[in-house]
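The exercises below are intended for a reader who is meeting this structure for the first time. Please work through each task with the sequence and the model in view before reading its solution.

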Amino acid sequence: MVKKQQNPTTTARLPLTQDGIALHNLGRVISDRPAYHTDSVIYPIGYKISRVFNGMNYICRILDNGQLPLFEIYKEASPNVRFMGSTADDVHSELLQAIDTNNSIIMPDGDRFFGLKNKNILDLLNQQANAKKLTKFNKVKKYENFFFDDNDNARFMSSVPDHLF
């Protein structure tokens, strides 16, 4: 039996699982370093999820690397092989290149792969006290620029299918 842990930054009991993403640690919002958020995404230190991709279980983490966050992806079965970089897109791109044997063109979307565009994760991050202090993040803009698909994942309004209007 897996014992659920409570994350000290939220009242949610972890891990939370939804749409193939298991949230193990929400991390903590850092408000005094601008690189740890954008106008629509927050990169909390200590954040950790697991997810299945291409038939394998992967771990995604965001670590404290000073002024820039450090993003990390590794296969749960091979923790010694890690993809690391200063953006989620960089490490997602490395992962895609490593598993793509056909040299196909796949556009990385690191924020989505890390689960950072998931509505429930965004809402939990917004509940942290430091989220109110973020200089670029705009909670209102987040909801104006996103819609939520059937899997409750946030998508940019520019990608809304025509049939939804």
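**Exercise 1: A buried arginine**

The backbone oxygen of Gly66 is 2.6 Å away from a polar atom in the side chain of Arg33. Here a polar contact is a pair of N or O atoms within 3.5 Å; within protein, one must be able to donate a hydrogen and the other to accept it, and residues adjacent in sequence count only if both atoms are side-chain atoms. The model is a predicted one, in which local features need pLDDT of at least 70 and side-chain atom pairs count only at pLDDT 80 or more, while totals for chains, interfaces and linings use all residues. Residues are numbered from 1 along each chain as its sequence is written, and side-chain values use heavy atoms, with hydrogens and water left out.

Task: Where does Arg33 lie, and is Arg33 buried or exposed?

Solution.
- Step 1. Locate the residue: Arg33 belongs to the loop between β4 and β5. Helices (H or I, at least four residues) and strands (E, at least two) are DSSP runs, numbered from the N terminus.
- Step 2. Apply the cut-offs: buried means under 20% relative accessible area, exposed over 50%, and partly exposed in between (1.4 Å probe, protein chains only). Arg33 has 14% relative accessibility, and therefore counts as buried.
- Step 3. List the surroundings, where contact means heavy atoms within 4.5 Å. With neighbours within four places in sequence left aside, Arg33 contacts Ile45, Asp64, Gly66 and Gln67.

**Exercise 2: The sheet**

Task: In which order do the strands of the six-stranded open sheet follow one another, and which strands stand at its edges?

Solution.
- Step 1. Place the sheet in the chain: the protein chain has four helices and ten strands, and along the sequence the pattern is β-β-β-β-β-β-β-β-α-α-α-α-β-β.
- Step 2. Read the order, which is β3-β4-β5-β6-β7-β8, with antiparallel pairing. Two strands pair if DSSP finds at least two bridges between them.
- Step 3. Find the edges: β3 (16–18) and β8 (78–85) each have a single partner strand, so one side of each has no neighbour in the sheet. From one strand to the next, the twist averages 25°.
- Step 4. Follow the pairs. Four bridges link β4 and β5, with Ile21 opposite Arg51 in β5. Between β5 and β6 there are six bridges, and Phe53 stands opposite Met56 in β6. Eight bridges link β6 and β7, where Tyr58 faces Lys75 in β7.

**Exercise 3: The turn between β5 and β6**

Task: Which residue in the turn of the β5 and β6 hairpin has a positive phi?

Solution.
- Step 1. Recall the general expectation: most residues other than glycine have a negative phi.
- Step 2. Examine the hairpin, in which two residues lie between β5 and β6. Asn54 has a positive phi of about 55° although it is not a glycine.
- Step 3. Check accessibility: Asn54 is exposed, as its relative accessible area is 55%.

**Exercise 4: The core and the helix α3**

Task: Which elements each supply at least two residues of the largest nonpolar core, and why is α3 described as largely enclosed?

Solution.
- Step 1. Define the core: a set of buried Ala, Val, Leu, Ile, Met, Phe, Trp, Tyr and Cys residues joined through side-chain atoms within 4.5 Å. The largest one has 27 residues, and those with the most contacts inside it are Leu23, Tyr47, Ile62, Phe71, Ile73, Phe114 and Leu116.
- Step 2. Name the suppliers: β4 (21–25), β6 (56–65), β7 (68–75), α1 (88–99) and α3 (119–126) each give at least two residues to this core.
- Step 3. Inspect two members. Ile62 is in strand β6 and is buried, at 0% relative accessibility; beyond four places in sequence, its contacts include Tyr47, Phe71, Phe114 and Leu116. Leu116 touches, among others, Val41, Tyr43, Ile62 and Leu122.
- Step 4. Turn to α3, where Ile121, Leu122, Asp123, Leu124, Leu125 and Asn126 are buried. Six of its eight residues are buried, so α3 is largely enclosed by the rest of the structure.
- Step 5. Look at the start of α3, where a side-chain oxygen of Asn118 comes within 2.9 Å of the backbone nitrogen of Asn120.

Conventions
Axes fitted to C-alpha atoms, helices over the stretch in contact; angles between N-to-C directions.
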